[in-house]
Amino acid sequence: MSTQVNCHCVRCNHKLCTSANSWMPVSNVHSTYEDSKKFIEYQIETLWNIREGLPDSQLEGCFVNPVRCRICRATIGVRCVDAPEGKAQFRYVTYFKYL
Ligand SMILES: [Zn+2]
């Protein structure tokens, strides 16, 4: 069984990254996540538009930035930039939408 999955942009199908095959409910979508230290080489850019994580999600109480495809600029997920006590494991992790 594979432990890695290829993530492609939902709009332009460009390969964005290879991510751990780990899925978690973040809000109304399931997301996979990747340690941001590993994806510098990938076709993803972070927008500096900090907002709060969605209520009733794992990211509630955290602050997130949207991330987008560097090729077509579709929004593809969020990066957690700050997290409260007890959620430090989410900090600096990027969550990709799974559609
Ligand atoms: Zn794209």
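**A conversation about a nine-strand chain**

Visitor: Which residues touch the most other members of the largest nonpolar core?

Guide: In this predicted model, the largest nonpolar core has 18 residues, and Leu16, Leu59, Ile76 and Cys80 touch the most other members.

Visitor: And which elements give two or more residues to this core?

Guide: Four strands do so: S2 (15-20), S7 (63-69), S8 (75-82) and S9 (93-98). As general background, nonpolar side chains in soluble globular proteins tend to be buried together.

Visitor: What does cysteine 80 touch?

Guide: Leaving out residues up to four places away in sequence, cysteine 80 touches Leu59, Cys62, Val64, Phe90, Arg91, Tyr92 and Val93.

Visitor: Val93 is on that list. Where does valine 93 lie?

Guide: Valine 93 belongs to strand S9. It is buried, because 20 other C-beta atoms lie within 10 Å, and 20 or more is the cut-off for that class. Between valine 93 and aspartate 82 there are 9.8 Å in space, C-alpha to C-alpha, and the two are eleven residues apart in sequence.

Visitor: Let us step back. How many helices and strands are there in the protein chain?

Guide: The protein chain has zero helices and nine strands. Its pattern along the sequence is accordingly written β-β-β-β-β-β-β-β-β.

Visitor: What percentage of the residues count as buried?

Guide: The figure is 27% of the 99 residues in the protein chain.

Visitor: And what share of the contacts comes from residues 24 or more positions apart?

Guide: Among contacts with a separation of 6 or more, such residues account for 42%.

Visitor: What is the average pLDDT of the protein chain?

Guide: The average is 81, and 83% of the residues score at least 70.

Visitor: Which elements have the lowest and the highest mean pLDDT?

Guide: Strand S4 (residues 30-35) has the lowest, with a mean of 66, and S6 has the highest, with a mean of 93.

Visitor: On to pairing. In which sense do S1 and S2 pair, parallel or antiparallel?

Guide: Strand S1 (residues 4-8) pairs with S2 in the antiparallel sense, over five bridges. Within this pairing, glutamine 4 has alanine 20 of S2 as its bridge partner, and asparagine 6 has threonine 18.

Visitor: How many residues are between S1 and S2 in the hairpin?

Guide: There are six residues between the two strands of the hairpin. Asparagine 13 lies in this loop, and it has a positive phi of about 70 degrees although it is not a glycine.

Visitor: Is asparagine 13 buried or exposed?

Guide: Asparagine 13 counts as exposed, because it has 11 C-beta neighbours inside 10 Å and the exposed class covers 12 or fewer.

Visitor: What is the phi of aspartate 56, which is not a glycine either?

Guide: Aspartate 56 has a positive phi of about 60 degrees. This residue is placed in the loop between strand S6 (51-52) and S7. With 8 C-beta neighbours inside 10 Å, aspartate 56 also counts as exposed.

Visitor: Now cysteine 69. Where is its place?

Guide: Cysteine 69 is in strand S7.

Visitor: Why does cysteine 69 count as buried?

Guide: It counts as buried because it has 22 C-beta neighbours inside 10 Å.

Visitor: What does cysteine 69 touch?

Guide: Not counting residues up to four places away in sequence, cysteine 69 touches Cys9, Arg11, Cys12, His14, Leu16, Gln43, Ile44, Ala74 and Ile76. Of these, Leu16 and Ile76 are also among the core residues named earlier. Cysteine 69 and histidine 14 are 55 residues apart in sequence, and their C-alpha atoms are 8.4 Å apart in space.

Visitor: One last residue. Where is proline 84 found?

Guide: Proline 84 is found in the loop between S8 and S9. It is partly exposed, because 13 other C-beta atoms lie within 10 Å.

Visitor: What is proline 84 in contact with?

Guide: Setting aside neighbours within four places in sequence, proline 84 is in contact with Gly61 and Cys62. From proline 84 to cysteine 62 there are 6.3 Å in space, C-alpha to C-alpha, with the two residues 22 apart in sequence. Cys62 is also among the residues that cysteine 80 touches.

Technical notes:
Residues numbered from 1 in each chain as written. Predicted model: local features only at pLDDT ≥ 70, side-chain atom pairs only at ≥ 80, totals over all residues. Contact = placed C-beta atoms within 7 Å. Core = buried A, V, L, I, M, F, W, Y, C linked by C-beta atoms within 7 Å. Pairing = 2+ DSSP bridges. pLDDT = per-residue confidence, 0-100.
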